[in-house]
Each structure stands twice: as structure tokens, then as C-alpha cells.
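The exercises below are to be worked with the sequence and the coordinates side by side. Each task is followed by a solution that proceeds step by step.

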There are 2 protein chains.
Amino acid sequence: MALIVQKYGGTSVGTVEKIKTVAEKVKRFQANGDQVIVVVSAMSGETNRLLGLAAEVDETSPSPREMDVLVTTGEQVTIALLSMALHKIGVDARSYTGSQVRILTDHSHMKARIKRIDDERIRKDLDAGRVVVVAGFQGVDTDGNITTLGRGGSDTTAVALAAALKADECQIYTDVDGVYTTDPRVEPKARKLDRITFEEMLEMASLGSKVLQIRSVEFAGKYNVPLRVLSSFEEGEGTLITFEDTGVEQAKISGIAFSRDEAKLTIKGVPDEPGVAYKILGPIADANIEVDMIVQNISKDGTTDFTFTVHRNDYERAAAILTELTSTLGGEEIDGDDKIVKVSLVGVGMRSHAGIASTMFETLAREGINIRLISTSEIKVSVVVDEKYLELAVRSLHEAFNLAQDEVATVG
Amino acid sequence: MALIVQKYGGTSVGTVEKIKTVAEKVKRFQANGDQVIVVVSAMSGETNRLLGLAAEVDETSPSPREMDVLVTTGEQVTIALLSMALHKIGVDARSYTGSQVRILTDHSHMKARIKRIDDERIRKDLDAGRVVVVAGFQGVDTDGNITTLGRGGSDTTAVALAAALKADECQIYTDVDGVYTTDPRVEPKARKLDRITFEEMLEMASLGSKVLQIRSVEFAGKYNVPLRVLSSFEEGEGTLITFEDTGVEQAKISGIAFSRDEAKLTIKGVPDEPGVAYKILGPIADANIEVDMIVQNISKDGTTDFTFTVHRNDYERAAAILTELTSTLGGEEIDGDDKIVKVSLVGVGMRSHAGIASTMFETLAREGINIRLISTSEIKVSVVVDEKYLELAVRSLHEAFNLAQDEVATVG
């Protein structure tokens, strides 16, 4: 008998029919002898409907506390309907809001962090043979105020419950059937991975793969919760997110992530002296602009070129800040481009295999793709290239690293 | 400085625009120096939408516990939106669900009774100058399960809060501007009452006047909460529901209530012996049919005629039960009529003024209206007449008792 936490997102519970399908799936696990906790999101469209109502009342600055009261009704509707659907097919079930569990968080409305989970009521229900249905995304602070966990919070709820109850597996059901070597819409030969390590999954998530929210992956890694991504609508084993010591020899590369909405900015000829990076990036951070890659070239004649990337939406604002800075910093010129993308190779195999980066650069050069920026970490290499080369870059790298083949074949 | 509890029903908060109108009204009271607690229902249509979803999942017997989880989201949406609307116009406000207040109830899902209200958080907010916005209709049991109070529960929430906090007045805002001498759709000369006693209001409610739910009136009477019915959309003082010792001399009659959906059944010639009433009404009650008026004529030759009224929807079922009973009871014949209505005079003045009933009977006789059944209590006289006479009966009685005149003129 295993204890399994399952999470179903908004599209998986988007209609009453789909909720009934989820109930049947849950029933099969229970019939199999498993104890099941189900975490659900709001029915797709519901959260947007609620946000629309709030915008009608106050489109500029609705109270975060009341926003949380409002949007948490979305998951509350789903837990009730799913519990009814389970009863209807003979499965004893009981629903819990975040407050009822209770999932205790800090006081930060709309972006709260989980501090503790009371598992007493859930354990009692499981022991009594019940399926427990929990509202994702929501919690309660020590003063009894309703809080929400921010984007992707239902994944976090599922992982946190799995950690608190020491579940055997946390299954995230979504509209894709697992984690792929890259986005199949860009490279049709993309292959579903049976396994991927937490570190790789973290890099994939932070580099633009939207299968899992990065916070839930971090959380799962921190608390050693085995995580599996599966399809709500198809059968299959999905992708298991594992710890490195699984004994399976790793492929060099697990996947190729990319992110389209990038822009880069360069301030040329700034004095190469201590504190210059802070002087440039301080004002950018003050304007709440998130910086991704940062590259500083070597000094030449006492000046240097300083480059960084931002989200494309922030490009104009960042450029304006830099222009203002040149007067005080003495930079020569601002150079920018908002038609760029980032393509990244991810794989724990890089640690033990040399030459990954040079194979990457060679492949891109052969295709005539100019590399504009490079940034590396222990298990990834990211390059910035012109937007028009995105598909070509992804496909040629997918081919060069044999990602369409079975993993075993590429271990080398 | 007064402490006022205000309750706004579903149509009063049916759109975002109406919610903003409510916020403005609340602001005026606060600006006036009053402390205000606002109780709201779900936006009109929302509860039916939720019930529709539940019916799609399980139309026969959805879990009452989960029904409560589901439908309470309706009021939760309203409290959040109203609090935002108050913030938007500069009024500090804070919302509370029934669980958050907390409004402690028994364990009866979908028809829970309030046992206790924790007023600590509300008092703190009021003292801090905040408007407190509470979700009507909902509570929580000692195990933390969400409960609802059943039909008209938001009125009950308002009255219970007013009682717990010893409010100066509980104001029920609705789509009518007060309690009328009778339904203005039947008698256009119907006059709004400035005051009515609790006992009269109770009789009016139980006799078919739908302005207030009977449970909230009972509750207000029991806990001495001054209750006022007003219009959400128009200005005005509404109708104050008072205790009898207000010093105002009472009119003989306050109003005329009526109920259209009646049916009567008579079982003729049953043996007039102890226990016969129970033998007839026991099986009716077992079938969950509610009986209203009960009349037993005097005995003749050792048998009697036994008559009672039921809701028109239950007529066929009740008739079938009676028919079956005649074989064991030895009744001669079943007689029934589902084209009847009940018309009632209500007024505490009856206690001290004789002749009310005879004036009523005389008036109806003059109009050629045959009385089929009569039932009286200390402050009301009800008659059953043929359906076709309803309007004529109401108007002629309204005229005979001078109800269109100011109260002062009719005292005497």
C-alpha cells in the first residue's frame, strides 16, 4: 500500500465531465490499495472570471487580503464537486480548504510561503479509508486570514502535502504526458524522458520549460519527494523526477530549454573599476526589473563593455535607465536588441563529460548561427542568438546530441 | 454613535455596480459616526449556478457536507468584492467568512443552527474604525466543517450578529421598501407600515408574506434585536419591527396576509374516538407532508368530519394516503379541493378589540364569498376561500378595516 498525492490542474478539472474522469482515475488508485490525497486547482477560466470581477471593482490596487478571499473560492468549488463525484461512484471522500487542513503560511497575501501543515485530520481520514481532497494554492496565516501561494501554487501544495505526510510519490497531472527533451511544437522529434534529475528539472523550469513550477520542484528536491509528471487524459508512466543516485547512468544531455521573450542591453566603454556592476544594476533592480544573464567583457584601455538580458517587456524601461546612467557613469554608448532568444542545453552528464559546450558552439556555427552571449553553469550552457534562429538552433542541437534516440544509446 | 448591522440580499449585490452602490450607502452610515457590520448574500444567480454544477455531478443525493463547501463560495465572493469596493472609496473594511468570525453552529449541514458567535475579531476591527463585512448564511461546526443555515440564512446571520454584539439596530435591505398592509400587487392601496410588532411580523411571515424569513424574526424577537426592513435602492425609513411596549397605540389590524398554494382534504364520517386525529395525520407526517390548518367538526351519530390543509404540491400524495386509510379507519368518503387560498387578518389589536372576526365574516358575506374553513389565534383570523375570490377578499377586507389610512386614524 502506497500513499500517493495527486495534483490536477485547471484544465484537468475544467468541466464537470472532466471532474468525473478525475474521480474515476482516483478510484482506480484506491481500488489498487493506495491511499490517495488529491490536490485540485480552480476549474479553468474560473480564476480569470474572479479576477475580472475584482478588476471591475478596483482595477488599480485591490486589497491583497481580499483578493485572496476572492480567488480561493475557485478551488473550493472544485474540491466540493470532486468529492461529490467520488461519492457518486462509491468512493468515500472528504474535502478540505487550505484553512481547514490547515496549511499554515506566513502573512504575505498573494505570495505566501508554507510554514507548516497539520496532518492530523488528513491522516484520520486516510486511515478510515477515505480519499482526501485538498484545495490547492491556498493556506491560512496564524491570524486566520486566507492566503494564497502565488502562481503555480497548487503544485506547491501537492509537494508540501507529500513532504508532510511522507508520501511515496507526488503525481502532477497536466495536459502533457511528461517532460520532453525539448518543446515538441518546435522539434517534432522531441522525446519524452522517463526520468530526469531534480537539478536538470530545475534548470529546465528556470529556462522556460513550463511543465512544472520551479518552486514546487525546489520544494520536492529539498524534502526528497519523488515527483512524477503525467497526463490527466492519457495513460502512461509520465516522467519521474529523481535524485541522482538512482543508479541509472546519465545521458550527457537531458534536454534543450529555450525562452523567447528575451532582450539584451549593453553599455559600452564604462570605466572598469570596482563597483561599476552595482552602479549599473542597482538602478535596474530599484525599478523592479529582473535581470537574467550578466556578461562583462575583459577590460581594454581601462574601460569595459557590460551586457545583461531582461524580459522583453522591460526592455524600453531598462534602456531609458541606462541612457540616464551614462551621464554619471561615463559610458560611451548604449546598445540593445529585443529580438533575441535564449537556448540552453541541460544535463547532469556535463559534469563528467567534457566537450559539450564546444560541440554546441560547433553545431551552431555550422548552421551559420551567430552566438551573441554565452553563460554556463555546472549542468547547463545557455547561448543568446537572434530570434529568427530559434527553431534551427533547437533542432540542430537536438540532432547533434542524439536526443531523439533512447537514452541508453546516447550514454557514452 | 450607534452600532448597526446591515444585511443586503442577493439582488442588492447582484452586480458589481450594485455592490458599489451598497459601499456608498455603508460609507454614509460610517461618515455619520456609526459602527457598521455588513452581512451579504451571494450575488443573485450565483447560488443557482453552483447548485446547477452540483446537479450535474449528482442530481439525486449530493453530500450535504460538500454542498455546504460548494455554496458558501457564493457569499465569500461577495464579501471580498464589497470590501474592495469600500477600500476603493476610502473606507477601511475587512471581510470574514462564517468560519473566520467564527459563527459556531451545530453539525446539521444545509440547515445548521447557530450556537455561538465569537465577537472578538469583529470588535477589534470596529474599534479600529473598520467596517466589518461578514458572509451571510454560513457557519462552522466544532470540527471545523463548513455549515449553512438553510433558506434565508443571511437574515439569520445578521440578526444573530446584532444579538451577539448588542447592536442598536439590525437593518434588512431588500427590494421592497418595507412591510405593507398587504401585497400591493393585489391591493394597490396597500400602505407601508412604519411599525409592526414582532408577533404580527411572525404571523405575516408564516402566512405567506415573504419580506423576512420567519426564523430571523423569531430570533430577533427572542434576543430583543430591533429589526428594520428597508429598500436597498430607495431612501426611506422602512418598517421598524418593534416590541409591543413601544407606547404607540396599536391599530386593530396591521395587515392582511394570504397564501395561494393551498389545498384542503376532508375525510368524512370517521369514528369520533380518541386517537383518530393521530391515525389520520401520522401517515401524512410520515410521508413528509406538512399540514397547516386542522379543523374537526363536532360529532354527529358517533362520527366526525376531519379537514386539514396542505401545500398544493402535496395534494395528490395526501389524497392517496387518505384513500388508503379509509379501509382501516372506516371513513365514509374523501373530499378535497386544490383550488383554495388562505386569507388572514393579523393584528395585536385583536387582543383588546372584540368583533374583528365578525366584521371579517360580515365583509366576506356581503361580497358573496363563501368561507370554507376558519382558524384563529390570539392575533390572527384565517379563512380558506375559493381561489377565484382571493383578490376580492383581500381588497374588501383592506377597505373594511381602513388599512389604506394612516395608522393613527384607525386607532379606536
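**Exercise 1.** Determine whether A:T47 is buried, partly exposed or exposed, and locate A:T47 among the helices of chain A.

*Solution.* The model is a predicted one, and the values used here are computed from it. The relative accessibility of A:T47 is 28%; because buried means under 20% and exposed means over 50%, A:T47 counts as partly exposed. In chain A, A:T47 has its place in helix α2, which covers residues 46-57.

**Exercise 2.** Carry out the analysis for A:E75, stating in which helix A:E75 lies, whether A:E75 is buried or exposed, and which residues A:E75 contacts beyond its neighbours within four places in sequence.

*Solution.* Begin with the secondary structure: A:E75 belongs to helix α3 of chain A, residues 64-88. Next, take the accessibility, which for A:E75 is 3%, so that A:E75 counts as buried. Finally, once the neighbours within four places in sequence are set aside, the residues in contact with A:E75 are A:V40, A:S41 and A:A42, together with A:A135, A:G136, A:F137 and A:Q138.

**Exercise 3.** Work out why the residues that UniProt lists for "binding site" can be said to gather at one spot.

*Solution.* The unreviewed UniProt entry lists A:T47 and A:E75 under "binding site". They span 29 residues in sequence, yet no two of their C-alpha atoms are more than 8.8 Å apart, and therefore they gather at one spot.

**Exercise 4.** Describe the interface between chain B and chain A, asking how much area is buried, which residues of chain B supply the most of it, and what polar links cross it.

*Solution.* Start with the extent: chain B and chain A each bring 42 residues to the contact, and between them they bury about 3300 Å², of which 60% lies on carbon and sulfur atoms. On the side of chain B, the residues B:V57, B:E66 and B:M84 supply 20% of the area buried against chain A, more than any other three residues.

Then turn to the links between the chains, where the count is four salt bridges; one of them joins A:D58 to B:K88, with the closest N and O atoms 3.3 Å apart. Residue pairs in polar contact across this interface number 18.

Last, assign the side of chain B that touches chain A to its elements: α1 (16-31), α2 (46-57), α3 (64-88) and β3 (93-96) of chain B each give two or more residues, and α3(B) provides the largest share, 17 residues. By class, this side of chain B holds 19 nonpolar, twelve polar and eleven charged residues.

How values were computed: Residues numbered from 1 in each chain as written. Chains lettered and ligands numbered in written order. Predicted model: local features only at pLDDT ≥ 70, side-chain atom pairs only at ≥ 80, totals over all residues. Heavy atoms only, no water. UniProt positions renumbered as here; feature names shortened; annotations may be inferred. Helix = DSSP H or I, 4+ residues; strand = E, 2+ residues; numbered from the N terminus. Buried < 20%, exposed > 50% of the residue type's maximum accessible area, 1.4 Å probe, protein only. Contact = heavy atoms within 4.5 Å. Buried area = accessible area lost by both parts, 1.4 Å probe. Salt bridge = Lys/Arg side-chain N within 4 Å of Asp/Glu carboxyl O. Polar contact = N/O pair within 3.5 Å; in protein donor to acceptor, adjacent residues only side chain to side chain. Nonpolar A, V, L, I, M, F, W, Y, C, P; charged D, E, K, R; others polar.
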